[in-house]
Amino acid sequence: MRLEINGKSETIDNVATVGDLLRHFDVAPVRVAVEVNQELVTRSEFDQATLSDGDRIEIVTFVGGG
């Protein structure tokens, strides 16, 4: 499937949901916010939010500091 992730076109196989995509990139879901086609996906929906060819995804990682 072809996806645009953070502005970069990627072809990724074997991902059906946002949760699958995060696992593919080994990203901890508690540290990110995800938007699919400019719609925010809540953390509780990551494993139910399906992806389609051509979707535009933004993954923002939270960074703490002081």
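Here is a short chat between a visitor and a guide about the structure shown above.

Visitor: What kind of model is this, and what pLDDT do local features need?

Guide: Residues are numbered from 1 along each chain as its sequence is written, and side-chain values use heavy atoms, with hydrogens and water left out. This is a predicted model, in which totals for chains, interfaces and linings use all residues, side-chain atom pairs count only at pLDDT 80 or more, and local features need pLDDT of at least 70.

Visitor: In what pattern do the helix and strands follow each other along the sequence?

Guide: Helices (H or I, at least four residues) and strands (E, at least two) are DSSP runs, numbered from the N terminus. The chain has five strands and one helix. Read along the sequence, they give the pattern β-β-α-β-β-β.

Visitor: Why is the chain called as compact as a globular protein of that length?

Guide: The radius of gyration is taken over C-alpha atoms, and the globule rule is 2.2 Å times the number of residues to the power 0.38. For 66 residues that rule gives 11 Å, and the chain is as compact as a globular protein of that length because its radius of gyration is close to this, at 11 Å.

Visitor: How much of the chain is buried?

Guide: Buried means under 20% relative accessible area, exposed means over 50%, and partly exposed is in between (1.4 Å probe, protein chains only). Of the 66 residues in the chain, the buried ones make up 29%.

Visitor: What share of the exposed area do carbon and sulfur atoms supply?

Guide: Accessible areas come from the Shrake-Rupley method with a 1.4 Å probe, and for residues only the protein chains shown count as cover. The chain exposes about 4,500 Å², and the share from carbon and sulfur atoms is 46%.

Visitor: Which residues have the most contacts inside the largest nonpolar core?

Guide: A nonpolar core is a set of buried Ala, Val, Leu, Ile, Met, Phe, Trp, Tyr and Cys residues joined through side-chain atoms within 4.5 Å. The largest one here has 16 residues, and those with the most contacts inside it are Val18, Leu21, Val34, Ile57 and Ile59.

Visitor: And which elements give two or more residues to this core?

Guide: One of them is the helix α1 (18-24). The others are the strands β1 (2-5), β3 (32-36) and β5 (56-61).

Visitor: Is Ile5 buried or exposed?

Guide: Ile5 sits in strand β1. Contact means heavy atoms within 4.5 Å, and beyond its neighbours within four places in sequence Ile5 is in contact with Glu10, Ile12, Leu21, Phe25, Ile57 and Ile59. Its relative accessible area is 8%, so Ile5 is buried.

Visitor: Which residues is Ile57 in contact with, leaving aside its neighbours within four places in sequence?

Guide: Ile57 is among the residues with the most contacts inside the core. Its partners include Leu21, Val34, Glu35, Val36 and Leu51, and also Leu3, Glu4, Ile5 and Asn6.

Visitor: How does Glu58 count by relative accessibility, buried or partly exposed?

Guide: Glu58 belongs to strand β5. Leaving aside neighbours within four places in sequence, Glu58 is in contact with Asn6, Gly7, Ala33, Val34 and Glu35. Its relative accessibility is 32%, so Glu58 counts as partly exposed.

Visitor: What is the C-alpha to C-alpha separation of Glu58 and Gly7 in space?

Guide: Along the sequence, Glu58 and Gly7 are 51 residues apart. In space, C-alpha to C-alpha, they are apart by 7.7 Å.

Visitor: Which residues does Glu35 touch, not counting those up to four places away in sequence?

Guide: Glu35 is in strand β3 and counts as partly exposed, at 31% relative accessibility. The residues that Glu35 touches are Leu40, Arg56, Ile57 and Glu58.

Visitor: Thr17 lies in a loop; is it buried or exposed?

Guide: The loop in question runs between β2 (8-11) and α1. Not counting residues up to four places away in sequence, Thr17 touches Arg23, Phe46, Asp47, Ala49, Thr50 and Leu51. At 9% relative accessibility, Thr17 counts as buried.

Visitor: What is the phi of Asn37?

Guide: Asn37 is in the loop between β3 and β4 (39-41), and it counts as partly exposed at 38% relative accessibility. Although Asn37 is not a glycine, its phi is positive, at about 50 degrees.

Visitor: And what is the phi of Gln38?

Guide: Gln38 is found in the loop between β3 and β4, and it counts as exposed at 62% relative accessibility. Gln38 is not a glycine, yet it has a positive phi of about 65 degrees.
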